[in-house]
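Okay, thanks for coming, everyone. Let me put the structure up on the screen, and then I'll walk you through a few spots in it.

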Amino acid sequence: MAERLLQAHQVSDLCIGKPALRWLPPQSTIADLEAGGGRDDAAVAVWDGSKGSDVAGRVCMADALLFLCADDDNLASPAAALQATLSDLLAAGALQAVRRIDPDASVLEAVDAFLGGAHTLAVPIRERWHAAADRGKLCWLTVEDVVLFLLSSVGVFSATASRSVTELGAVRPAALAVAAGDSALSAVPLLRAALASHASVAVVAGTGTGSPARRLVGEISPSALRSGGVASVAAIAALSAGQLVSFLDWGGAPPAATLHAVRSRLRRRNLLGMLDLLYGGTTDASSSSSSSSSASSSSSSSSDEDEDIVDANGRKLIIASPHRHGSSFLGRRRAEEATVCHRGSSLVAVMVQAMVHRATHVWVVEEQELVSVVGLLDVLRVLRHHLVAGSGCGMHPDLD
């Protein structure tokens, strides 16, 4: 009966009521993506809209924001980088691979497509689902959709779902992690990998001198970057990874004092184009001149001073001057704000946590120390093995 859950149900069962996906042609610019509501959670298909044609890829505003801080040229001239095309964005590493799948395909085929490397599936909309105006259009099917479907039928595989994630082999090393004191820019390659693999980047701190243990102090997620908009790019360019966690806590609306501290750092680093973008202006001669003037006065007045960044709970997080030797980031976001479980947590508990918090992964911690992670792809891999192979011997599948 458990095996039939995956084989008897069709992809179309999971797509009823889904809206048609938004799409833009490959020659559209990143600025077009932002203007079209790119800060929403919904991603955009890079597609020409022709019936039967392949979708080139899937991009969201997080892809664009990471592109803006991918190299020195983009950081120096973000306004020019915004004119890059979506094809450029895909070529630069926005690797949310899309695979088209027939609505008559089984859920098992959809699971195999995800495990085979597809980030998202594009499903042709059937006429009976929607009005005639949507004929020939596509909708998204995500890993979250499949896990939610399985969770709704958890009684069918309760014996497996009640076992611990460790026993089932659903945990894997938390490779996407950055130290709280490291530059947020150093996390950009990790964030790109996270975006392509349904994950986030853990922000960790050591528990003592020479200790290999890693205390989870927060996470940087693609959704948090999207909510921050262009301010997220400025924060990545100016802050440490730990400070970025607290900055993103504001959800795109940090207080004026916090923005002032970020702007001061951008001026001192001569990132005038990024400063103009943060102010919402354009990079023209007058604005660059104004920014340059501000940079000159700022460097003389604040180069030897610390700047306060305030987190969402009113705590001051110190951004030390680069000339102040020995200063460090001391504030942190509570680890509980990331979605966490323990080695002994059951698979169904982890699935529920992920769905409730709209997370694509759950960090495995013991006494706040980061041990490993369970992703939704790991959940699918384990359930496919146990439901289809019918393994009852307790051995877990290869998760490499």
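I'll go from the overall picture to two helix pairs, then a ring pair, and finish with a few single residues.

First thing to keep in mind: this is a predicted model. The chain has 400 residues, and 53% of them are buried. In secondary structure, we're looking at 20 helices and 14 strands. And if you take the contacts with a separation of 6 or more, 63% of them are between residues 24 or more positions apart.

Okay, helices. Let's start with α14, residues 230-238. How many of its nine residues are buried? Nine of the nine, so this helix is largely enclosed by the rest of the structure. If you want to click through them, they are V230, A231, S232, V233, A234, A235, I236, A237 and A238.

One of the things to look at around α14 is helix α16, residues 256-268. The two axes come within 9 Å and cross at roughly 60 degrees. That angle makes α14 oblique to α16, and the crossing is left-handed. Who's actually touching? On the α14 side you have A234, A235, A237 and A238, and on the α16 side V262, R265 and L266. Sorted by type, the residues of that contact come out as six nonpolar, no polar and one charged.

Now swing over to the second pair, helix α9, residues 143-152, and helix α20, residues 376-388. Here the axes come within 10 Å, with a crossing angle of roughly 50 degrees. So α9 and α20 are oblique to each other as well, and α9 passes α20 in a left-handed crossing. From α9, the contact uses V143, E144, V146, V147 and L150, and from α20 it uses L376, L377, L380 and L383. The split by type is eight nonpolar, no polar and one charged.

Let me stay on E144 for a second, since E144 sits in helix α9 and is part of that contact with α20. Is E144 buried or exposed? Actually, in between: its relative accessible area is 27%, so we call it partly exposed. If you skip the neighbours within four places in sequence, E144 is in contact with M355, T360 and L376. And here's a nice one for the sequence people: E144 and L377 are 233 residues apart along the chain, but C-alpha to C-alpha they're 9.3 Å apart in space.

Next, aromatics. There's one aromatic pair in the structure, made by W23 and W47. Their ring centres are 5.7 Å apart and the planes are at 70 degrees, so that's an edge-to-face pair. Where do the two sit? W23 is in strand β1, residues 22-24, and W47 is in the loop between β2 (44-46) and β3 (57-59), so the pair ties together parts that are 24 residues apart in sequence. The burial is worth a look too. W23 is partly exposed, at 38% relative accessibility, whereas W47 is buried, with just 3% relative accessible area.

Then a loop residue, S200. You'll find S200 in the loop between α12 (188-196) and β8 (201-206). S200 may be in a loop, but with a relative accessible area of 4% it counts as buried; the cut-off for that is under 20%. What is S200 in contact with, leaving aside its neighbours within four places in sequence? The list is L176, A194, E219, I220, S221, P222, H361 and W363.

Last stop, the loop between β13 (361-366) and β14 (369-375), where E367 sits. Q368 lies in that loop too. Check the backbone here: E367 has a positive phi of about 55 degrees, and it isn't a glycine. Q368 isn't a glycine either, and its phi is also positive, about 70 degrees. As for the surface, E367 is exposed, at 82% relative accessibility, while Q368, at 29%, counts as partly exposed.

So, if you open the model later, try α14 first, with nine of nine residues buried, and then the edge-to-face pair of W23 and W47. That's me done, thanks for listening.

Conventions. Residues are numbered from 1 along each chain as its sequence is written. This is a predicted model: local features need pLDDT of at least 70, side-chain atom pairs count only at pLDDT 80 or more; totals for chains, interfaces and linings use all residues. Side-chain values use heavy atoms; hydrogens and water are left out. Helices (H or I, at least four residues) and strands (E, at least two) are DSSP runs, numbered from the N terminus. Buried means under 20% relative accessible area, exposed over 50%, partly exposed in between (1.4 Å probe, protein chains only). Contact means heavy atoms within 4.5 Å. Axes are lines fitted to C-alpha atoms, for helices over the stretch in contact, and angles run from 0 to 180 degrees between N-to-C directions. Angles under 35 degrees count as roughly parallel, over 145 as roughly antiparallel, 65 to 115 as roughly perpendicular and the rest as oblique. A crossing is left-handed if the near helix is turned anticlockwise from the far one by less than a right angle, and right-handed if clockwise. Ala, Val, Leu, Ile, Met, Phe, Trp, Tyr, Cys and Pro count as nonpolar, Asp, Glu, Lys and Arg as charged, and the others, Gly among them, as polar. Rings of Phe, Tyr and Trp (its six-membered ring) pair if their centres lie within 6.5 Å; planes under 30 degrees apart count as stacked, over 60 as edge-to-face and the rest as tilted.
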